[in-house]
Amino acid sequence: MLWHFTWFIVPLSTMKRNRISSFTGIFLSLIFTASLHLSCTKVNQPTVDFTIDLNGAGGAVLNTKGGYVYDNGVIIARTTTGAYIAVTQICTHDGSTVIFQGPQNVFYCQSDYSQYATSGAVVAGPATKNLKSYNTSVSGNTLRVWG
Ligand code: FES
């Protein structure tokens with residue numbers, strides 16, 4: 001976010017009122033472009049290996065198709081077809097937490113409306129980088145998430 005305010009650092013006294021040098025314009029454009037790029041690259045996509053008790057308080061919601069929970073920086077969801085899927089919970093655009101929209105089978109960011117497929121692939125921006133996808137497997141009432 002600091003990059004968004006870099007233009008304040010340029011002292012106004014160094015600018016001529018009627019003529020801003022082309023160097024300054026190019027410099028500010030580069031700063032703005034860099035800030036947009038950085039907002040898509042600063043997301044933590046952790047390596048994890050954990051289990052969820054599907055009969056426990058935290059995991060029972062996954063017994064419902066369309067349900068989802070957060071654990072270890074990962075959002076774990078149950079699709080409309082009954083599959084368990086998991087991706088990193090942090091939107092790659094600017095770091096908000098995504099939700100799962102069960103009826104549409106998409107991960108969705110309420111901040112700027114990016115959408116991701118169940119694989120974590122970007123469906124609609126402004127995000128340009130995919131969410132990291134994790135492996136899932138079920139043994140009895142235990143769901144394992146790793147990757
Ligand atoms: S934080 Fe901007 S779309 Fe998610």
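User: Taking helices as DSSP runs of H or I with at least four residues, and strands as runs of E with at least two, both numbered from the N terminus, how many helices and strands does the protein have?

Analyst: This is a predicted model, where local features need pLDDT of at least 70 and side-chain atom pairs count only at pLDDT 80 or more, while totals for chains, interfaces and linings use all residues. Residues are numbered from 1 along each chain as its sequence is written, and side-chain values use heavy atoms, with hydrogens and water left out. From the N terminus, the order of elements is α-β-β-β-β-β-β-β-β-β-β. The count is therefore one helix and ten strands.

User: Nice! Which strands stand at the edges of the open sheet?

Analyst: Two strands pair if DSSP finds at least two bridges between them. The open sheet has six strands in the order 1-10-9-4-3-2, paired antiparallel. Each edge strand has a single partner, so one side of it lacks a neighbour in the sheet; these are strand 1 (49-53) and strand 2 (68-71).

User: And which residue in strand 4 is the bridge partner of Ile-76?

Analyst: Strand 3 (residues 74-78) and strand 4 run antiparallel, joined by five bridges. They form a hairpin with five residues between them, and Gly-82 in the turn has a positive phi of about 95°. Across this pairing, the partner of Ile-76 is Ala-86.

User: How many residues of strand 4 are buried?

Analyst: On its other pairing, strand 4 (residues 84-88) meets strand 9 (residues 133-139) in the antiparallel sense over two bridges, with Val-87 opposite Ser-133. Buried means under 20% relative accessible area, exposed over 50% and partly exposed in between, using a 1.4 Å probe and protein chains only. Strand 4 is largely enclosed by the rest of the structure, because the buried count is five of the five.

User: Which elements give two or more residues to the largest nonpolar core?

Analyst: A nonpolar core is a set of buried Ala, Val, Leu, Ile, Met, Phe, Trp, Tyr and Cys residues joined through side-chain atoms within 4.5 Å. The largest has 13 residues, and those touching the most other members include Phe-50, Ile-52 and Ile-76. The contributing elements are strand 1, strand 3, strand 4 and strand 10 (142-146).

User: What share of contacts with a separation of 6 or more comes from residues 24 or more positions apart?

Analyst: Contact means heavy atoms within 4.5 Å. Leaving aside residues up to four places away in sequence, Ile-52 touches Leu-62, Ile-76 and Leu-143, among others. For the protein, the share is 44%.
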